[in-house]
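Biologist: I work at the bench and would like to learn how to read a structure like this one. Could we go through it together?

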Amino acid sequence: MGKALFIIDVQNDFTEGGALGVDGGAAVAAGISRYLAAHAADYTIVLASRDWHDGGNDNGGHFATDAEPDYVETWPAHCVAGTRGAEYHPDLDTSAVSYHVRKGQGVPAYSIFEGRTDAGSSVHNLLDEHGIDTVDVAGIATDYCVRASALDALAHGQRVRVLTGLVAGVAAESSSAALAELAHAGAELVEDV
């Protein structure tokens, strides 16, 4: 069986200086690039997701337009399709990425499983087509999209490893809680990669 790497939302708006930048985001981008330089051949496929939100609406209530964002269900506008904020961070080398997955077009979307490739393939189908039984997860943010993607991979029957040195979260407390939840759900937390 095969192994996949999920690179979750390593985008300008989620790194330092972005609309929803997290501390350590740029370091995650560079770290994933170093990791891929040494380990890309270990993976059958590499999938990278991006939030790719609509610019002209609230994306199903995901963008706070009429009130202040609550940073739980509603957020400032971020990762609007076609903007610099939606692009991959420049320190992320995407040359080893097999499939680019866009999510959140008009709706809230946290998990990579909620997105599709430009050709319309779902992540479920790609994993099945390539005989994937193990997924490693890296990216941003530990407590939101990394968490959701890893939980969905577990629900899909995958063996899941979270590469904890290659993730960054919104807040330390919620990131720790997310990692504990993932471990309890059956994911392996891998510190040294």
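Biologist: Which residues of helix H3 (residues 142–155) are buried?

Modeller: One thing to keep in mind as we go: this is a predicted model. A residue counts as buried when its relative accessible area is under 20%. In helix H3 the buried residues are Thr-142, Asp-143, Cys-145, Val-146, Ala-148, Ser-149, Ala-150, Ala-153 and Leu-154.

Biologist: And what do the buried residues of H3 pack against?

Modeller: Here we look for contacts, meaning heavy atoms within 4.5 Å. The partners are four strands, S1 (2–8), S3 (99–103), S5 (132–140) and S6 (159–168), together with helix H4 (172–185). After H3 comes Gly-157, which has a positive phi, near 90°.

Biologist: How many helices and strands are there in the protein chain?

Modeller: The chain has four helices and seven strands. Following the sequence, their order is β-α-β-β-β-α-β-α-β-α-β.

Biologist: How does the radius of gyration of the protein chain agree with that of a compact globule?

Modeller: The idea is to compare the chain with what its length would suggest. A compact globule of 193 residues would have a radius of gyration near 16 Å, and this chain has 15 Å, so the two agree. Two other values help fill in the picture: 49% of the residues count as buried, and 75% of the contacts with a separation of 6 or more are between residues 24 or more positions apart.

Biologist: I'd like to try salt bridges next. How many does the count come to?

Modeller: We look for a side-chain nitrogen of Lys or Arg within 4 Å of a carboxyl oxygen of Asp or Glu. By that rule there are seven. One of them joins Lys-103 to Asp-9, with the closest N and O atoms 2.8 Å apart. Lys-103 sits in strand S3 and Asp-9 in the loop between S1 and helix H1 (25–39), 94 residues apart. Both residues are buried.

Biologist: Where do Arg-50 and Glu-87 lie?

Modeller: Their side chains form a salt bridge, 3.2 Å from N to O. Arg-50 is in strand S2 (residues 45–51) and Glu-87 is in the loop between S2 and S3, so the bridge ties together parts 37 residues apart in sequence. Arg-50 counts as buried, at 8% relative accessibility, whereas Glu-87 counts as partly exposed, at 31%.

Biologist: And what about Glu-188 and Arg-159?

Modeller: Those two form a salt bridge as well, with the closest N and O atoms 3.0 Å apart. Glu-188 belongs to strand S7 (residues 188–190) and Arg-159 to strand S6, 29 residues apart. Glu-188 is partly exposed at 35% relative accessibility, and Arg-159 is partly exposed at 46%.

How values were computed:
Residues are numbered from 1 along each chain as its sequence is written. This is a predicted model: local features need pLDDT of at least 70, side-chain atom pairs count only at pLDDT 80 or more; totals for chains, interfaces and linings use all residues. Side-chain values use heavy atoms; hydrogens and water are left out. Buried means under 20% relative accessible area, exposed over 50%, partly exposed in between (1.4 Å probe, protein chains only). Helices (H or I, at least four residues) and strands (E, at least two) are DSSP runs, numbered from the N terminus. The radius of gyration is taken over C-alpha atoms; the globule rule is 2.2 Å times the number of residues to the power 0.38.
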